[in-house]
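Me: I'm new to this one and would like to know how the labels people put on it are earned. Could you show it to me and then take my questions?

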Amino acid sequence: MNEFWIAPSILSADFARLGEEVDNVLKSGADIVHFDVMDNHYVPNLTIGPLVCEALRKHGVTAPIDVHLMVKPVDRIIPDFAKAGASYITFHPEASEHVDRSLQLVKDSGCKAGLVFNPATPLNYLDHVMDKLDMILLMSVNPGFGGQSFIPYVLDKIRECRRRIDTSGRNIRLEIDGGVNAKNIREIAAAGCDTFVAGSAVFGAGQADDPNRYDSIIRALRGELAQART
Ligand code: DX5
Ligand code: ZN
């Protein structure tokens with residue numbers, strides 16, 4: 001099993017100070033930056049695109065950037081994100097007419113590729129493409145907004161997905177996204193996830209003007225994860 005990664009979702013960061021927010025959360029011990037792209041079409045919200053990803057790279061962010069595409073169609077924007085410095089690019093299979101082609105496009109662009117499953121989306125999209133995946137992202141809320149509650153039945157899906165990954169023998173990260181916090185992260189890890197998106201739980205922590213404001217929440221999440229391993 002992979003080491004645990006904490007992936008703060010910048011959706012809940014202060015966009016007016018985004019570079020500083022990302023610097024602070026990485027300084028506090030986050031592993032990877034989760035970057036939510038919404039198009040007001042596939043999901044009912046509108047966020048950030050490749051220019052912002054590129055701006056973070058220019059600002060000096062060297063950590064992996066985990067681009068979660070909630071857009072339809074997906075193919076047009078994939079090469080732009082690759083050029084903008086994305087490390088992982090994940091997309092929802094319902095948003096692509098040709099899932100295999102979109103995965104290949106991500107890989108040909110030089111990025112790691114992943115599929116994202118909404119809570120009620122069945123896992124059978126995985127059946128034929130395990131060898132093309134570097135990440136599987138399970139949504140534990142319906143996509144579109146931060147600050148929603150974790151949907152408990154997704155725990156069964158995590159276990160099923162962990163079985164599929166282990167059976168494949170491939171090194172595929174299993175990421176969870178939505179409603180993750182210090183109270184439930186241990187149970188989510190025990191079910192089989194190794195990568196944990198947390199938006200409001202991280203960026204809502206501490207005092208706004210304190211550069212170390214994220215230390216204690218990241219420490220708390222890691223402390224819970226350490227106990228999941230024992
Ligand atoms: C929701 C996004 C999430 C969101 C998670 O569509 O994909 O990444 O930022 O936010 P929290 O952790 O607040 O549920
Ligand atoms: Zn996300």
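Reply: Sure. This is a predicted model, and its largest pocket has a volume of about 270 Å³. Of the 25 residues that line that pocket, G146, G147, D177, G178 and G179 are the closest to its centre. The elements giving two or more residues to the lining are β2, β3, β8 and α7 (200-203).

Me: What makes a residue part of the lining of the largest pocket?

Reply: A lining residue has an atom within 4 Å of a point of the pocket. By class, the lining has 11 nonpolar, 12 polar and two charged residues.

Me: How do you know which pocket ligand 1 sits in?

Reply: The space that ligand 1 takes is the largest pocket. The test is that more than half of a molecule's atoms lie within 2 Å of the pocket's grid points, so ligand 1 counts as sitting there.

Me: Why is the contact between H34 and ligand 1 called polar?

Reply: A polar side-chain atom of H34 is 3.4 Å from an oxygen atom of ligand 1. The cut-off for a pair of N or O atoms is 3.5 Å, so this pair counts. H68 also makes the list, because its polar side-chain atom lies 3.3 Å from an oxygen atom of the ligand. With G179 the atom is a backbone N or O, found 2.8 Å from a ligand oxygen, so that pair passes too. As for cover, ligand 1 has 390 Å² of accessible area on its own, and the protein covers 100% of it.

Me: What makes a residue count as being around ligand 1, and which come nearest?

Reply: One of its heavy atoms has to lie within 4 Å of the ligand. There are 20 such residues, and S9, D36, D177, G199 and S200 come nearest. The shell divides into eight nonpolar, 10 polar and two charged residues. β2 (33-38), β3 (65-70) and β8 (195-198) each supply at least two of the shell residues, with β2 giving the most, three.

Me: Why is the bond from K72 to P73 called cis?

Reply: Look at omega: for the peptide bond from K72 to P73 the angle is near 0°, and the bond is cis. P73 itself is in the loop between β3 and α3 (78-83).

Me: And what makes N40 worth a look?

Reply: N40 has a phi near 55°, a positive value in a residue other than glycine. You'll find N40 in the loop between β2 and α2 (50-59).

Note on methods:
Residues are numbered from 1 along each chain as its sequence is written. Chains are lettered from A and ligands numbered from 1 in the order in which they are written. This is a predicted model: local features need pLDDT of at least 70, side-chain atom pairs count only at pLDDT 80 or more; totals for chains, interfaces and linings use all residues. Side-chain values use heavy atoms; hydrogens and water are left out. A polar contact is a pair of N or O atoms within 3.5 Å; within protein, one must be able to donate a hydrogen and the other to accept it, and residues adjacent in sequence count only if both atoms are side-chain atoms. Accessible areas come from the Shrake-Rupley method with a 1.4 Å probe; for residues, only the protein chains shown count as cover. On a 1 Å grid over the protein atoms alone, a cavity is a set of points where a 1.4 Å probe fits but cannot get out, and a pocket is an open set with protein on both sides within 12 Å along at least five of seven lines; lining residues have an atom within 4 Å of a point. Helices (H or I, at least four residues) and strands (E, at least two) are DSSP runs, numbered from the N terminus. Ala, Val, Leu, Ile, Met, Phe, Trp, Tyr, Cys and Pro count as nonpolar, Asp, Glu, Lys and Arg as charged, and the others, Gly among them, as polar. Grid points are joined across faces, edges and corners, and a volume is the space filled by probe spheres set on the points.
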